[in-house]
Amino acid sequence: MRDWSKAEWVDPKYNWKPLPVSDMPERLLIDYATRCNLRCHMCPVWGLDDEGQIDPVKGIMNLDAARKMLDEFTKAQPMVAPSIYGEPLLIPNLREVIADLKRRGIAVAMNTNGLALTEKIAEFFCEQKVDSVMFSLDSATPETLKKVRGVDKLAKIEAAVFRLLRIRGDREFPRVGVSYTIQDSNRHEVDEFVSRWVGVVDVVRMGIVFENGTFPDMKEPSVRVACPVIYKTMPVHNDGSVRLCCLDGVRATDMGNVFERGVREIWHGEEFAKARYYHETSQWDKVPFCKGCNGWAQYEYEEEVKDGLLIRRSPEYTYYNSLARLTNWKGNLLGGHKPPPVAAVKKRESQDELVQA
Ligand SMILES: C[S@@+](CC[C@H](N)C(=O)[O-])C[C@H]1O[C@@H](n2cnc3c(N)ncnc32)[C@H](O)[C@@H]1O
Ligand code: SF4
Ligand code: SF4
């Protein structure tokens, strides 16, 4: 790790002792294709009213450049999400992209709006053992889907979830989940959504919305700490440019270009070092993108095992993990989560043995 503690932008009065930074990020977010077939109102890119802000970020990643970037990463075995502000099912050469990641032994976890999930693609995901597919539904009724995601095709998206579940069957992968971003327009359907999906899919993820530069529903501790995001995750836009955080969809920050300078060079480079320095010394004014954000509070999880579920709660997310489908949540797919408690997995296994006996 390069030592930046004596850089000219470091004020000695802070006596800055840099926190350790892993050799490579644990999670790599790659926007292979910044294109989408929806316009969700809350989406930090496609929900913008100003087309002039959206146009510059649209684009498709050059696959040779992406492969070169992955060559540097493969040994580190990060978890990869193949989209940031794109719909992954619209990636041109999707099969090639996924097969390349899986050939490298990389855990692939995707969020999708599900609209373009054909039978063939679902089969391909199962053959390739894509690690996780999370369908973003954000609603329990077509009316609410329309309000949040701009379309009322709930039946079509739900059919895609069941298609993947059916084709996967009892196989371990993909781990299949549904996701709900809680906001004013869908708050009233939270309980209905949880009861509809818990036990049907492997995991139900409930998250809170990011809007106007912060998470209004986040319950944050009184003391602000350096945000874990900038020590774990590297978001790469379709042109190879790296942003401070995945929440920066419109390129307000610039950490350098990974296609030009390589992964390690950017991850341990000056821009990330500066951001970490300002975070570690509480100089929030110096990182305008983070200044008003409370995303730093998202990482502490509590958990309980109840009613056949491992429930994990952080200030940002609640995950309802079905105990019956926990064995596929492991390795790099954890992406910074601690593994599920052995007791929960064992408890399930012994229940299964009893049933079989
Ligand atoms: C940006 S989308 C990209 C992948 C895919 N298009 C999808 O919708 O799942 C990834 C996830 O971010 C969520 N999301 C979108 N806007 C958000 C916001 N303002 N705050 C929190 N989550 C948001 C979506 O609901 C989705 O689950
Ligand atoms: S489907 Fe995903 S990328 Fe597309 S607008 Fe909605 S949240 Fe954004
Ligand atoms: S404070 Fe917010 S904007 Fe900054 S890195 Fe953390 S989550 Fe992202």
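Two strands are taken to pair if DSSP finds at least two bridges between them. In this predicted model, strand β11 (residues 309-313) is joined to β12 by five bridges, and the two run antiparallel. The connection between β11 and β12 is a hairpin of three residues. Within this pairing, Arg312 stands opposite Tyr319 of β12.

Strand β12 (residues 317-322) is also joined to β8 by five bridges, again in the antiparallel sense. Here Met206 has Thr318 of β12 as its bridge partner. Strand β8 (residues 203-208) in turn runs parallel to β7, with six bridges between them. One of the residue pairs in this pairing is formed by Ile182 and Ile208, the latter in β8. Between β7 and β8 the chain passes through helix α7 (residues 190-197), and the resulting β-α-β crossover is right-handed. Strand β7 further pairs with strand β6 (residues 132-136), in the parallel sense and over five bridges. In that pairing, Val133 has Val176 of β7 as its bridge partner. Strand β7 is largely enclosed by the rest of the structure, because seven of its eight residues are buried. In a regular strand, side chains alternate between the two faces of the sheet.

For the protein as a whole, 13 helices and twelve strands were assigned. The C-alpha trace spans about 65 × 45 × 40 Å along its principal axes. The radius of gyration is 20 Å, which agrees with the value near 21 Å for a compact globule of 357 residues. Of the 357 residues, 36% are buried. Among contacts with a separation of 6 or more, 69% are between residues 24 or more positions apart.

The model contains ligands with distinct surroundings. Ligand 1 is surrounded by 19 residues, of which Met42, Glu87, Asn111, Ser136 and Phe210 are the closest. Strands β5 (107-112) and β7 (175-182) each contribute at least two residues to the shell around ligand 1. By class, the shell of ligand 1 comprises eight nonpolar, eight polar and three charged residues.

The residues around ligand 2 are Cys36, Leu38, Arg39, Cys40, Cys43, Trp46, Tyr85, Glu87 and Asn113. Six residues of the ligand 2 shell are nonpolar, one is polar and two are charged. Glu87 is listed around ligand 2 and is also among the closest residues to ligand 1.

Around ligand 3 lie Cys227, Val229, Ile230, Leu244, Cys245, Leu247, Phe289, Cys290, Cys293, Gly295 and Trp296. Helices α8 (229-232) and α12 (288-291) each supply at least two residues of the ligand 3 shell. The shell of ligand 3 has no charged residues; ten of its residues are nonpolar and one is polar.

Ala76 was examined as a loop position. Ala76 lies between α2 (63-73) and β4 (79-81). Ala76 counts as partly exposed because 16 C-beta neighbours lie inside 10 Å, whereas a buried residue would need 20 or more. Not counting residues up to four places away in sequence, Ala76 touches Asp23 and Met24. The C-alpha atoms of Ala76 and Pro25 are separated by 8.3 Å, although these residues are 51 residues apart along the chain.

Note on methods
Residues numbered from 1 in each chain as written. Chains lettered and ligands numbered in written order. Predicted model: local features only at pLDDT ≥ 70, side-chain atom pairs only at ≥ 80, totals over all residues. Near = placed C-beta within 6 Å. Helix = DSSP H or I, 4+ residues; strand = E, 2+ residues; numbered from the N terminus. Nonpolar A, V, L, I, M, F, W, Y, C, P; charged D, E, K, R; others polar. Rg over C-alpha atoms; globule rule 2.2 N^0.38 Å. Buried ≥ 20, exposed ≤ 12 C-beta atoms within 10 Å, placed from the backbone. Contact = placed C-beta atoms within 7 Å. Right-handed = clockwise from strand over helix to strand, strands pointing away.
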